[in-house]
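These are my notes from working through one chain, entry by entry. I wanted to see how its elements are joined and which side chains lie out of reach of solvent.

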Amino acid sequence: LSRQVTARVERERGFDDGKEATCCSPRNAAPGSAGSGVAPSGICLVGTTGAGGRPRRLLTRCLLLPGDVSSEDYCRQAVDEVLAEFGKLDILVNNAAFQVHAEATEDLSTRHFDETIQTNLHGMFHMCREAVPHMKTGAAIINTGSVVGLEGKAQLLDYAITKGGIH
């Protein structure tokens, strides 16, 4: 989660001191991507403190919960563990994704296609469904997409479909 995203969320949503964010990081983040500095997998909590929308401190605590967001049980357990550790959930950042290049459409197996849909769309839904009942007024959900979802890419047909669905 970049400093810019956190600061923008604070300004736009008017968050107060001590808010906690839950970030579902990519299962296989590309170097330099939005989630590559977060956690290799699982959930990272970002606490921000500051006045006037300017954070003074970022990444105060991190709770790593490696798992598979396509699993409803994992999402339920992850939210439960976040609540047990931090007592609240103010921001959910759905950034988990799965992608593997397929040089030709006929190389894309049904299993691979299903795993992409399950992780990128169902996982986002599962995390939202589990988190929303615990989020108070003023909380936020950030669902990340990709330029591939807007422009497409022949080698990432399944990934483009899921990211287009998010947009």
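Entry 1, a strand pair. I looked up V93 first and found that it stands opposite I142 in β5. The model I am reading is a predicted one, and I keep that in mind for every value noted here. Strand β4, residues 91-94, and strand β5, residues 140-143, pair in the parallel sense, and I count four bridges between them, as the record of the pairing gives. Between the two strands the chain passes through helix α3, residues 110-131, and this β-α-β crossover from β4 to β5 is right-handed. I also checked N94, whose bridge partner in β5 is N143.

Entry 2, the side chains of β4. Which way do I91 and V93 point from β4, and which way L92 and N94? I noted that I91 and V93 point one way while L92 and N94 point the other way, and that all of them are buried. The pattern is the expected one in general terms, because side chains in a regular strand alternate between the two faces of the sheet.

Entry 3, helix α2. This helix covers residues 72-86, and its 15 residues reach 21 Å from the first C-alpha to the last, close to the 21 Å expected at 1.5 Å a residue. I listed its buried residues as Y74, C75, A78, V79, V82 and F86. Seen down the axis of α2, these buried residues fall within an arc of 130 degrees, so they line one face of the helix. After α2 comes G87, and its phi is positive, near 80 degrees.

Entry 4, the loop from α2 to β4. In this loop I looked up L89. Is L89 buried or exposed? Its relative accessibility is 2%, so L89 counts as buried, the cut-off being under 20%. I then took the separation between the C-alpha atoms of L89 and V79, which are 10 residues apart along the chain, and it came to 8.3 Å.

Entry 5, helix α5. I went to D158, which lies in α5, residues 157-166. D158 has a relative accessible area of 1% and is therefore buried. What is D158 in contact with, once its neighbours within four places in sequence are left aside? The contacts I found are with L108, H112, F113 and T116. For D158 and E115, 43 residues apart along the chain, the C-alpha atoms are separated by 9.5 Å. Besides D158, the buried residues of α5 include Y159, A160, T162, K163 and I166, and the buried residues of this helix pack against α3, β5 and α4, the last being residues 147-151.

Entry 6, the chain as a whole. I closed with the totals: the chain has five helices and five strands, and from the N terminus on its elements run α-β-β-β-α-β-α-β-α-α. Of its 167 residues, 44% count as buried. Among the contacts with a separation of 6 or more, residues 24 or more positions apart account for 64%. The chain exposes about 8,800 Å², and carbon and sulfur atoms supply 50% of that area.

How values were computed: Residues numbered from 1 in each chain as written. Predicted model: local features only at pLDDT ≥ 70, side-chain atom pairs only at ≥ 80, totals over all residues. Heavy atoms only, no water. Pairing = 2+ DSSP bridges. Right-handed = clockwise from strand over helix to strand, strands pointing away. Buried < 20%, exposed > 50% of the residue type's maximum accessible area, 1.4 Å probe, protein only. Contact = heavy atoms within 4.5 Å. Areas by Shrake-Rupley, 256 points an atom, 1.4 Å probe, with all protein chains shown as cover. Expected span 1.5 Å × (residues − 1). Arc of directions from axis to C-beta.
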